[in-house]
Amino acid sequence: MLYFARTIATLLIPLIMYSNAVTMVSATPREAVTDFMDGLHAQKARIMEKYMDNAYVNFLNNVQGDEAVTARMTDALFQDFSYQIEEIARKNDVAVAKITIRNHDFNNVLNGYNAVSYQYVMSNLYTEEIADKEALNAVCLELYVQQIESAAASDAMVETVVFVPMVEDGYHGWNIVMTDELMLAVLGNLQPPAL
């Protein structure tokens, strides 16, 4: 009986591992877009890591500061985010998806942040808080997040149609060709201060 159980286990384990590997890489262009958009919305590290070369994705993943403040930023950015895949065209190893993205309009966040951060620095120019880089970074992040939250609280929404190019990776999977224009549309025209 023990021999029989070992034989079954020996046969099943590689089969299960193979099926999991196939599941991870076999994706249609629609699944690739859905995985990216849903992964970005939920800030799933597994999805985000694939696109760390993009300055916007890198900013979202690596912003330094208090976890509660960065969580507030993410919540505000994606609280009313939605997308609709309109159509997908595929030819050989390339594909393009037409997507309508709807989000709050964060276009004026950077201007608002520049004004309030300048005011803060000028008002505290001769205090110790300005000399403490960590404290100053924490204040600046808080001011930036407040601007994002203010924009998210308004009724101003932006709806943008984007075309998402994809290439087959050679392993029955699809990778999005990430551009700054795509991320700008996804994030409602948000301009991070570091870009």
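Select residues 94-104, which form strand E2, together with residues 157-168, which form strand E3: the two run antiparallel and are joined by 11 bridges. Strands (E, at least two residues) and helices (H or I, at least four) are DSSP runs, numbered from the N terminus. Two strands count as paired if DSSP finds at least two bridges between them. The model is predicted, so local features need pLDDT of at least 70 and side-chain atom pairs count only at pLDDT 80 or more, while totals for chains, interfaces and linings use all residues. Residues are numbered from 1 along each chain as its sequence is written, and side-chain values use heavy atoms, with hydrogens and water left out.

Next, display individual residues of this pair. Arg-102 has Glu-159 in E3 as its bridge partner. His-104 has Met-157 in E3 as its bridge partner.

Now add strand E1, residues 82-91. E1 pairs with E2 in the antiparallel sense, over nine bridges. Within this pair, Gln-84 stands opposite Thr-100 in E2. Follow the chain from E1 into E2: the two strands form a hairpin with two residues between them. Select Asn-92 in that turn, where phi is positive, at about 55 degrees.

Add strand E4, residues 174-176, to complete the view of the sheet. The four strands form an open sheet in the order E1-E2-E3-E4, with antiparallel pairing. Strands E1 and E4 stand at the edges, each with a single partner strand, so one side of each has no neighbour in the sheet. From one strand to the next, the twist averages 25 degrees.

Turn then to helix H2, residues 29-42. H2 lies across E1, E2, E3 and E4, and runs at about 150 degrees to E1. Axes here are lines fitted to C-alpha atoms, for helices over the stretch in contact (heavy atoms within 4.5 Å). Angles run from 0 to 180 degrees between N-to-C directions.

Finally, show the whole protein. It has nine helices and four strands, and from the N terminus on the elements run α-α-α-α-α-β-β-α-α-α-β-β-α. Among contacts between residues at least 6 apart in sequence, 71% join residues at least 24 apart. Of the 195 residues, 34% are buried, meaning under 20% relative accessible area with a 1.4 Å probe, protein chains only. Switch on the surface: the accessible area, from the Shrake-Rupley method with a 1.4 Å probe, comes to about 11,900 Å², of which 55% belongs to carbon and sulfur atoms.

Note on methods
Buried < 20%, exposed > 50% of the residue type's maximum accessible area, 1.4 Å probe, protein only.
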